[in-house]
Amino acid sequence: MKTQKSKVKRQNQKLKVKSFNFYLVVFTFSFLVFTFNCYAEPVYVDHFEKTTNLLGGRTSVYEQAPSRALALTTDKDHYGAGTRSLAIRYDKKNTGGPNGMGGWCGYYSILKTGSKYFDATSFTKLTFWVRGEKGDENFVVGMADRHWEQVGDSVKSEQIGVYLKDKKITTQWQQAVIPLDVFFIDMKEVASLAICFESDCFPEGKGTGTVYIDEIAFE
Ligand SMILES: [Ca+2]
């Protein structure tokens, strides 16, 4: 009777060890999956060290007279590794042009590789570093999927200050962190992103200035 009892006890112990091992394996596996998802490597869109972006896409300004923009990579300042950043000079007018609204201006970066759209579904935010020549410069960020690309427009973020620690552009580098769900587009097919100097970014709808941008990434 006694030996039978201790046999049952030993079996129970074995079972306990087995189920503990099972839960340990499940826990470790879940932890690894969780860690992997949390720390998916960022994909850099542009460091501005080359003439195309890091996805091989074209970058340029868009403008409708009388508003104008000029975008150049510069070694005057940069953030992080490398020696260069993007400088965008903008002059947004509020009179003249189509409907007398002063036209528009901004900068875009193509994220499509040939005809293949950029799949951003494994990321949760768009990040980049920004500073102004004088401080108080302003813009919104636009992002386009296949649909918006065909329309020739993009879905806009809120004004950039919302995504900065100091709540506005200053002369110091700050990281903008924009949650991707702000854009409400098909993140499986991202065509381009843009820096847009919209009327409502400025008092009376007009503004001029220079902003520096570096290290654009999906994280
Ligand atoms: Ca750089």
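## Gly100 and its loop

In this predicted model, Gly100 lies in the loop that runs between strand E4 (85-92) and strand E5 (104-110). Gly100 counts as exposed, because it has 9 C-beta neighbours inside 10 Å and a residue is classed as exposed at 12 or fewer. Pro66 is 34 residues away from Gly100 along the chain, and the C-alpha atoms of these two residues are separated by 9.9 Å.

## The five-stranded sheet

Strand E5, which follows that loop, belongs to an open sheet of five strands in the order E2-E5-E10-E7-E8, where the pairing is antiparallel. The edges are formed by strand E2 (59-64) and strand E8 (155-159), each of which has a single partner strand, so that one side of each is left without a neighbour in the sheet. On average, and with direction ignored, neighbouring strands of this sheet are turned by 25 degrees against each other.

Within the sheet, E5 and E10 are joined in the antiparallel sense over five bridges, and Tyr108 stands opposite Ala194 in E10.

## The nonpolar core

The largest nonpolar core comprises 40 residues, and those with the most contacts inside it are Ile88, Val130, Ile160 and Ile213. At least two residues of this core come from each of several strands, among them strand E3 (68-74), E4, E5, strand E6 (125-132) and strand E11 (207-218). In soluble globular proteins, nonpolar side chains tend to be buried together.

Val130 illustrates the contacts in more detail: when its neighbours within four places in sequence are left aside, Val130 is in contact with Ile160, Ile169, Gln174, Ala176, Val211, Tyr212 and Ile213.

Notes: Residues numbered from 1 in each chain as written. Predicted model: local features only at pLDDT ≥ 70, side-chain atom pairs only at ≥ 80, totals over all residues. Helix = DSSP H or I, 4+ residues; strand = E, 2+ residues; numbered from the N terminus. Buried ≥ 20, exposed ≤ 12 C-beta atoms within 10 Å, placed from the backbone. Core = buried A, V, L, I, M, F, W, Y, C linked by C-beta atoms within 7 Å. Contact = placed C-beta atoms within 7 Å. Pairing = 2+ DSSP bridges. Axes fitted to C-alpha atoms, helices over the stretch in contact; angles between N-to-C directions.
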